[in-house]
Amino acid sequence: MTSVLTKKNLLILGCILLTFVLVQVLMSVGFITSFHEITLATICINIILAVSLNLVTGFTGQFSLGHAGFMSIGAYVCALIVMRFDSVAGFLVGILAAALAATIVGILIGIPTLRLKGDYLAIATLGMAEIIRVVFLNLEITNGAAGLSGIPRYTNWFWMYLFVVLTIVLINNFIRSSHGRACISIREDEIAAESMGINTTKFKVMAFAIGSFFAGIAGALYASYFYFIKPNTFGFLKSIDILVIVVLGGMGSITGSIIAAVLLALVSTFLQSFTAVRMIFYALVLVIIMIFRPQGLLGTKEITDLFKFRRKNERIE
Amino acid sequence: MPLLSIEKVTKSFGGLTAVSNVSMHLNKGELVGLIGPNGAGKTTLFNLLTGVYEPTSGSIKLQLEEEKNPRELGGLKPYNVTKTGLARTFQNIRLFKDLTVLDNVRIAMHQNIQYQLPSAFLHFNKYHKEEDRLKEEAERLLDIFHLAHKKNELAKNLPYGEQRHLEIARALATKPVILLLDEPAAGMNPQETASLTETIKWLRKEFDLTILLIEHDMSLVMKICERIYVLDYGMLIASGKPAEIRANKRVIEAYLGEEVSHA
Ligand SMILES: Nc1ncnc2c1ncn2[C@@H]1O[C@H](COP(=O)(O)OP(=O)(O)OP(=O)(O)O)[C@@H](O)[C@H]1O
Ligand SMILES: [Mg+2]
C-alpha cells in the first residue's frame with residue numbers, strides 16, 4: 001500500500017474533479033447566478049476556516065475564540081500585496097505571505113496562551129484577536145476603521161475550490177499521521193499524553209500554527225473576493241460564527257465541518273428574504289440541532305467511516 | 001552503580017510532606033515492590049520519578065549501561081523522562097478512552113517515529129512504510145495481552161481488566177528500560193491476578209526490563225518481587241527480601257494500624 005494511486009485515492013480524485021467541473025458548468029450556463037456565487041464563496045471560505053479551527057479545537061481540544069484574528073491578518077497581508085502587485089502572481093504571492101504571516105502570529109500568540117486551559121484559553125485567544133483588530137484599526141497602512149477598498153478580485157471558483165481541497169486533504173492527512181494522533185491524545189488526556197512521550201506544548205503550538213496558516217489563506221481569499229475589508233469584519237462575532245460551524249458539524253469531524261459550513265450558508269441565504277426574523281430563525285436552527293445532537297451533526301464520524309464499516313463486515317470470521 | 005538511584009527525595013504539598021527523605025535504588029533487571037498503607041506516598045513517588053512533580057529536594061539518577069555519566073531525572077518534563085526510558089501505568093486508569101485500542105498504543109510509539117512533518121501532511125512513501133511498521137509492532141504488543149482482535153474497539157468499551165492490560169501495553173510501546181506499574185492488579189479477580197503475575201514475570205525477561213511495582217495485593221508482591229520497599233506516611237520504614245518484610249515489626253504495625261483505623 002505504498003502507492004498513492006490506490007483505487008480509493010483515484011475515486012476521491014474523480015469526485016473532486018467532477019464536483020469542480022459540475023459547478024463550473026452550472027456557472028457557465030447561468031444556473032448558478034452571481035448572487036449564488038457569493039454564497040458559494042462564503043461556503044468555501046467557511047469550510048477552510050472551520051476545518052482549520054476543528055484541528056485546534058475539535059482534534060487537539062484547545063478552545064480558541066480568536067480564529068477570525070488570524071483570518072484578518074491573512075486578509076490584510078494579501079490585500080496590501082495584491083493592491084501593489086495587481087496580477088495573478090501578486091495574488092498567489094499574497095496568499096502565501098498571508099498564510100505565513102498568520103502562522104508566525106499564531107506561534108507568537110500560541111506559545112504564551114496555550115499554557116492556559118479551557119475557559120482561560122478561550123478568553124486569552126479572544127483577547128489576542130481583539131488586540132489584532134485594534135492594531136489594524138490604528139495602523140496607517142491598513143487605513144484604520146475605514147479599511148481597505150478596491151482590492152483587485154482574483155479569487156474565483158477555481159482558486160477557492162483548489163484551496164478548499166488543499167485544506168481538507170492536508171489537514172486530513174495530518175490527523176491521520178503520528179503527529180496528528182499526538183494532537184488528539186492531548187484532547188483525550190493531557191497527563192497521559194505527556195507520560196507517553198508526547199511534548200504537549202509543542203503539539204498544541206503546532207496545531208495552533210497550522211490552524212492559523214489556513215485561517216490566513218481563508219482571509220486572503222476573502223479579501224480578494226469581496227473587494228473590501230475593515231477591522232470589524234473580523235471581530236468577535238466572526239470567530240463565534242466559525243466556532244458554531246465546528247460545534248454544529250461535530251468537534252473532531254472534518255466531514256461534519258464541511259456539511260455544517262454548507263448547511264449554515266444555505267440557511268442563512270434562504271433566510272435573507274426574511275430580514276426581520278432571520279437571526280431568530282438562525283439561532284433556532286442551532287438550538288434545535290444542539291438539543292437533538294449535542295455531539296454535533298456527525299460527532300467524530302467521517303464520511304470515510306462508511307467504507308470502513310463495509311470492509312469490517314466482510315472480514316467477519 | 002544501580003540503574004536508578006533515588007537519593008533523599010522529598011516532596012511537600014504545602015504543609016503535607018507526601019514523600020519524606022526517601023532513598024531507594026533499582027538494579028538492572030530487578031523486580032522490586034513498593035508497598036505501604038493508603039496515602040503512604042507511593043503514587044507520589046511515581047509522579048516524582050516520571051516528572052509529573054518536581055522533587056522539593058533530593059535527586060533521581062538514571063545510569064544507563066551505554067552511558068558514562070548518570071542522568072538527573074528530577075525536574076525533567078514527563079515526555080523527556082519517557083524518552084530516557086521510564087514508562088508507567090496509572091493507578092486510576094488513564095487511557096485515551098475515546099480512541100481505539102490500536103491508537104492508544106500507536107500514540108505511545110510517537111517518540112520513535114521515523115518521519116517528519118512534511119510526510120505527515122503529504123503521506124510520502126516513508127509515511128506508509130513507517131505506519132505499516134507501527135501497526136505491526138502495536139499488534140505484536142497487543143497480542144501479548146490477547147487484545148489484538150480488539151484493536152479497533154474504543155478503549156472505554158474494554159472490560160476493566162483488559163483496560164489495565166492495555167495500559168501496560170501502551171507503556172511498553174514507549175520502549176522503556178524501567179517499567180513502573182501502579183497497582184496493576186487493582187480490581188482484578190484472583191484468576192486475573194494470577195495470570196497478570198505470570199505476564200509480568202514474562203515481560204521482564206522478554207523485554208529485558210527493570211520493574212518497580214506498587215501493589216496492595218500481597219500475594220502478588222510476595223510471589224514475584226525480589227526486594228520490597230515499604231513506605232508509611234511518606235517515610236521509608238523498611239526494605240528487604242519478601243520474607244524479611246513479612247517478619248518486620250514496623251511493617252506489621254503500619255498495616256495493622258491501617259486495619260484498625262479502617263475498622
Ligand atoms: N497533588 C497533590 N496535592 C496535595 N496533596 C497530594 C497530592 N498528591 C498526593 N497528595 C497527598 O499525598 C499523600 C500521598 O498520596 P499518594 O497518592 O502518593 O498515596 P499512595 O501511597 O499512592 O496511596 P494509595 O495506596 O491510596 O494509592 C496523600 O496524603 C495525598 O493526599
Ligand atoms: Mg497510589
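Tutor: Before we start, a bit of vocabulary: a crossing is left-handed if the near helix is turned anticlockwise from the far one by less than a right angle. Also, keep in mind that this is a predicted model.

Student: OK, so which way does helix 2 of chain A cross helix 6 of chain A?

Tutor: Helix 2 of chain A passes helix 6 of chain A in a left-handed crossing.

Student: And what's the angle, and how far apart are the axes?

Tutor: The two helices pack at an angle of about 15 degrees, and their axes are 9 Å apart. Angles under 35 degrees count as roughly parallel, so helix 2 of chain A is roughly parallel to helix 6 of chain A.

Student: Which residues make that contact?

Tutor: From helix 2 of chain A, they include A:Leu40, A:Cys44, A:Ile48 and A:Leu55. Helix 6 of chain A brings, among others, A:Trp157, A:Met160, A:Phe163 and A:Ile171. By class, the contact has 16 nonpolar residues, two polar ones and no charged ones.

Student: Switching to the two chains: how many residues of each are in contact?

Tutor: On chain A there are 23, and they are in contact with 30 residues of chain B.

Student: Which helix gives the largest share of chain A's side?

Tutor: That's helix 7 of chain A, with eight residues. Helix 6, helix 7 and helix 8 of chain A each supply at least two residues of that side. It divides into nine nonpolar, 10 polar and four charged residues.

Student: Now the ligand. What surrounds ligand 1?

Tutor: Residues of chain B, including B:Phe13, B:Asn38, B:Lys42, B:Thr43, B:Thr44 and B:Gln91. The largest share of the shell, three residues, comes from helix 1 of chain B. Strand 2 of chain B also supplies at least two.

Student: How does the shell split by class?

Tutor: Four nonpolar, seven polar and one charged.

Student: Last topic, backbone angles. What's the phi of A:Asn143?

Tutor: Near 65 degrees, a positive value in a residue other than glycine. Most residues other than glycine have a negative phi. A:Asn143 sits in the loop between helix 5 and helix 6 of chain A.

Student: Is A:Asn143 buried or exposed, or something in between?

Tutor: A:Asn143 is partly exposed, with 17 other C-beta atoms within 10 Å.

Student: And where does B:Lys8 lie, and what's its phi?

Tutor: B:Lys8 lies in strand 1 of chain B, and its phi is near 45 degrees, again a positive value. B:Lys8 has 12 C-beta neighbours inside 10 Å, so it counts as exposed.

Note on methods:
Residues numbered from 1 in each chain as written. Chains lettered and ligands numbered in written order. Predicted model: local features only at pLDDT ≥ 70, side-chain atom pairs only at ≥ 80, totals over all residues. Near = placed C-beta within 6 Å. Helix = DSSP H or I, 4+ residues; strand = E, 2+ residues; numbered from the N terminus. Nonpolar A, V, L, I, M, F, W, Y, C, P; charged D, E, K, R; others polar. Contact = placed C-beta atoms within 7 Å. Axes fitted to C-alpha atoms, helices over the stretch in contact; angles between N-to-C directions. Parallel < 35°, antiparallel > 145°, perpendicular 65-115°, else oblique. Buried ≥ 20, exposed ≤ 12 C-beta atoms within 10 Å, placed from the backbone.
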